[in-house]
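Visitor: Please take one sheet of this protein and go through it closely, strand by strand where you can. Then tell me what it belongs to.

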Amino acid sequence: MADNQTTPLLTVEDLKTYLFLKRGIVKAVDGVSFQLNEGETLGIVGESGCGKTMTCLSILRLIPEPAGRIVGGKIVLDGTDIVGLNEKEMASQYRGSKISMISQDPLTSLNPVFSIGDQVGGPFRYHGLEKSRKGIKKAVIDVLKRVRIPSPEHRLKEYPYQFSGGMRQRVSAAMAIACGPRLLIADEPTSALDVTIQVQLLQLLEDIQKQTGVGLIMITHDLGVAAYICQRIAVMYAGRIVELADVKTIYKNPSHPYTQALLNSVPRLGEKKDRLYNIEGQPPNLLNPPEGCAFWPRCDQASDICREEYPPQTPLDGQGFVSCWVRSQ
């Protein structure tokens, strides 16, 4: 767990990323704020379409254009607001060197026509960290060893299809950490892996974090993965963070009804039930979201004020908060 710092590694403040479509405006990220310290892991959880990936793509400045735009807020990394940087500055000074991402499916994120050595060597060549072919080859072997690829000297000329799913994900991790980033984003890195390989990858990410002090944002649907590796968790719904707290608080004493519903949806070993719990209804259409709190149509604790006005942030013990009228009263 990261030590308390006066200056966080990353500060996201009132971030708003909208998609301007012919049918209307989708507020994919609508006022998201959080901080991340060096060496800390923050989990972002929630159902599909809640804004997890779009938040992180905004941090990377890789939102789909021309429809997607950051219309407000700040993203401050190491004291610099990167929202104001142009594409050339992001590509040469930040993306890949200070901020990196491990994609969800390495089979599609890795190029099938380039060898592993060429792809892992790409960040070294682009950012000019190694000039000679010999230097790049040595650097690639070193980073593949760090992610525990066996016999990397003999696998440089192989292609992604010759690697297992777990090894492909390790190659993706190698590319992400090649240039020593300050911030690492992992987008569902365990979703395509079996349970045994999931644990190995999570242990690898922990080891990398201990060695480098990199700040890690973990996007996941798997609440077990979040409990294993994260120190704090942000629960997102309809483009906003509805609850943010340390792991113990989230799992032992969740405050938001949506957080409670997510945890109730997880089967528990040894419990026998005739029917598994499910959250009634569907996430809202962000082209036409409901007034007030977006969760009220699915919430069994909703009152009239929930239907009329979005709740303010109510502080929780520690550095967390919850946005819920029930909890603010």
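Guide: What follows describes one sheet and then the protein around it. The model is predicted, so local features need pLDDT of at least 70 and side-chain atom pairs count only at pLDDT 80 or more, whereas totals for chains, interfaces and linings use all residues. Residues are numbered from 1 along each chain as its sequence is written, and side-chain values use heavy atoms, with hydrogens and water left out.

The sheet is open and has 4 strands, in the order β2-β1-β4-β5, with antiparallel pairing. Its edges are β2 (24–36) and β5 (80–81): each has a single partner strand, so one side of each lacks a neighbour in the sheet. Strands here are DSSP runs of E with at least two residues, helices are runs of H or I with at least four, and both are numbered from the N terminus. Two strands pair if DSSP finds at least two bridges between them. In general, strands of a sheet pair through backbone hydrogen bonds, either parallel or antiparallel.

At the β5 edge, the partner is β4, which covers residues 68–77. These two strands are joined in the antiparallel sense over 2 bridges. Within this pairing, L77 lies opposite T80 of β5.

The protein that holds this sheet has 13 helices and 12 strands. Its C-alpha trace spans about 70 × 50 × 45 Å along the principal axes. The radius of gyration, taken over C-alpha atoms, is 21 Å, which agrees with the value near 20 Å for a compact globule of 329 residues. That globule rule is 2.2 Å times the number of residues to the power 0.38.
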